[in-house]
Number of protein chains: 2
Amino acid sequence: MVVGATRLHDRRGRVASGTALLEGPLVVAEAVAAGADVDTVFATADDPVAAGLAESAGARLVVVGEAAFGRITTTTTPQSPAAVVRIPPPSIPRESHLLVAWGLSDPGNAGTLIRVAAAFGFAFVAGPRTVDLWGPKVLRSAAGAHFHTSIGSCDAIDDLRAAGRRVVGAVPRGGEMPGPFASDTAVLIGSESHGLPDDVVAACDALVTIPMASGSESLNAAIAGAIIAFAAGRGHM
Amino acid sequence: MVVGATRLHDRRGRVASGTALLEGPLVVAEAVAAGADVDTVFATADDPVAAGLAESAGARLVVVGEAAFGRITTTTTPQSPAAVVRIPPPSIPRESHLLVAWGLSDPGNAGTLIRVAAAFGFAFVAGPRTVDLWGPKVLRSAAGAHFHTSIGSCDAIDDLRAAGRRVVGAVPRGGEMPGPFASDTAVLIGSESHGLPDDVVAACDALVTIPMASGSESLNAAIAGAIIAFAAGRGHM
């Protein structure tokens with residue numbers, strides 16, 4: 001069982017099993033509260049809340065020693081409990097705007113962007129060459145937001161159009177000022193170092209640019225996404 | 001000289017000397033381009049640009065071996081050059097809005113918030129119990145923004161009022177929607193875990209709240225600051 005959980009540290013193990021590993025009381029509690037499909041809760045003997053979480057989730061509780069718990073988890077100072085959760089099928093919901101991470105390789109940025117999406121009522125989509133959203137670092141920086149929004153994936157802009165979205169690319173210059181969207185929209189956020197590829201920019205229906213003081217190069221992906229999502233909701237929320 | 005530079009890893013050494021250590025080509029180049037008062041540039045022998053940077057800055061160039069360079073710097077894979085720069089006197093400029101970090105202890109968040117301030121034409125102020133802004137991690141996450149805005153400090157809200165600012169606190173609920181400011185403003189951003197202390201909130205002239213979807217607790221300090229600074233500039237930039 002412990003061997004099974006450590007396999008979830010790697011993408012291959014997650015894909016093969018269709019499950020991911022949640023670490024620490026905050027993320028596990030958020031998942032349970034949101035009704036996630038929790039399979040197993042791992043806890044150390046001194047953890048008073050793990051049994052309650054396992055019971056709420058209808059999950060199996062496995063109490064392990066500290067050394068075993070250290071192997072299950074990926075941080076240097078792991079906190080009980082951890083949990084194995086079934087990854088929900090990636091879907092592009094029809095009823096909200098989307099934040100789409102396009103080529104975002106940094107797990108911390110991706111996790112923060114998922115948290116931003118959840119905060120502003122956007123669903124989240126992993127575009128091509130984006131880090132696996134169910135890895136330990138992404139789950140940690142998203143702080144439970146995976147369970148407060150929908151998580152989808154797409155391979156091409158046409159997938160977003162097929163889901164009924166106008167496609168708006170975030171670019172460092174030349175786009176419109178962020179503001180409310182005229183219709184259901186997918187906002188593409190590129191990587192901090194490279195931005196969106198030229199062919200992707202050319203295929204967008206519209207472009208948006210956050211105005212900045214001279215001398216500033218770009219904002220990180222999570223901050224850009226947050227400003228665009230906030231501006232989209234002004235007057236609506 | 002190498003011994004002197006390593007002392008800048010700690011706040012005490014920075015305060016005693018009035019200098020800070022910049023690491024890596026990006027931050028050093030930004031400081032030189034912005035006309036910072038650079039004292040020494042440390043470089044490894046294979047660094048082709050360090051001599052030019054030192055000459056532009058009117059700074060002394062010191063070529064050191066890789067082992068010595070590794071001791072000077074704080075990252076596991078250090079990149080040449082590094083530089084010792086004089087910390088500018090902390091001042092609260094009179095001509096711009098301010099982002100004020102209030103009790104912000106995380107260096108990464110503080111650095112990103114400085115970058116946000118620079119991007120939106122705000123000056124930056126370290127309030128009470130805020131991490132030293134000239135430490136290596138803050139400098140790294142700010143990516144050179146220390147040299148594109150003014151960096152001040154304050155001990156109390158009255159310091160901000162004395163500098164002619166209306167004081168606006170960012171709070172998770174109950175404040176006004178972010179938007180343009182009526183007059184020169186200081187925006188107080190608290191720590192992610194604790195927010196602003198109650199007595200500080202009570203002493204503010206106005207409060208601002210970023211509307212979020214239900215179930216979302218709070219945004220990190222850099223994201224909250226970015227949204228408020230962006231909203232303040234709408235229609236002005």
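Helices (H or I, at least four residues) and strands (E, at least two) are DSSP runs, numbered from the N terminus. This is a predicted model, where local features need pLDDT of at least 70, side-chain atom pairs count only at pLDDT 80 or more, and totals for chains, interfaces and linings use all residues. Residues are numbered from 1 along each chain as its sequence is written, chains are lettered from A and ligands numbered from 1 in the order in which they are written, and side-chain values use heavy atoms, with hydrogens and water left out.

**View 1. A:Cys204 sits in a loop of chain A.** Look for the stretch between helix H9 (198–203) and strand S10 (206–208), and you've found A:Cys204. Is A:Cys204 buried or exposed? With a relative accessible area of 13%, A:Cys204 is buried (buried means under 20% relative accessible area, exposed over 50%, partly exposed in between, with a 1.4 Å probe and protein chains only). Skip the residues up to four places away in sequence, and A:Cys204 touches A:Arg161, A:Val167, A:Val168, A:Gly169 and A:Leu188 (contact means heavy atoms within 4.5 Å). A:Ala226 is 22 residues apart from A:Cys204 along the chain, and their C-alpha atoms are separated by 20 Å.

**View 2. B:Leu99 is part of a strand in chain B.** The strand here is S5, residues 98–101. B:Leu99 has a relative accessible area of 0%, so it counts as buried. Who are its contacts, once neighbours within four places in sequence are set aside? B:Leu99 is in contact with B:Leu113, B:Val116, B:Ala117, B:Phe122, B:Ala123, B:Phe124, B:Val125, B:Val187, B:Ile189 and B:Gly225. Take B:Phe124 from that list: B:Leu99 and B:Phe124 are 25 residues apart in sequence, yet 5.0 Å apart in space, C-alpha to C-alpha.

**View 3. B:Pro197 lies in a loop of chain B.** On one side of this loop is strand S9 (185–189), and on the other is helix H9 (198–203). B:Pro197 is partly exposed, at a relative accessible area of 26%. Leave out its neighbours within four places in sequence, and B:Pro197 is in contact with B:Trp102 and B:Arg129. Now find B:Gly169: it is 28 residues from B:Pro197 in sequence and 10 Å away in space, C-alpha to C-alpha.

**View 4. A cis peptide bond leads into A:Pro81.** Most residues other than glycine have a negative phi, and most peptide bonds are trans. What is the peptide bond from A:Ser80 to A:Pro81, cis or trans? That bond is cis, with omega near 0°. A:Pro81 belongs to the loop between helix H5 (66–72) and strand S4 (82–86) of chain A. Over in chain B, the bond from B:Ser80 to B:Pro81 is cis too, with omega near 0°, and B:Pro81 is in the loop between helix H5 (66–72) and strand S4 (82–86) of that chain.

**View 5. A:Arg129 and B:Ala143 have positive phi values.** A:Arg129 isn't a glycine, but its phi is near 55°. Its loop runs between strand S6 (123–126) and helix H7 (136–142) of chain A. A:Arg129 is exposed, with a relative accessible area of 62%. B:Ala143 isn't a glycine either, and its phi is about 55°. You'll spot B:Ala143 in the loop between helix H7 (136–142) and strand S7 (151–153) of chain B, where it is partly exposed at a relative accessible area of 25%.

**View 6. Chains A and B are related by a rotation.** Turn chain B by 180°, with 0.0 Å of shift along the axis, and it superposes on chain A with an RMSD of 0.0 Å (copies are superposed by least squares on the C-alpha atoms of residues with pLDDT of at least 70 in both). That is the relation of a two-fold axis. The copies meet through the same surface, because 100% of the interface residues of chain B are also interface residues in chain A.

**View 7. Chain A, the backdrop to the close-ups, has ten helices and ten strands.** Its C-alpha atoms fill a box of roughly 55 × 35 × 30 Å along the principal axes. Of its 237 residues, 53% are buried. Among contacts in chain A with a separation of 6 or more, 73% come from residues 24 or more positions apart.
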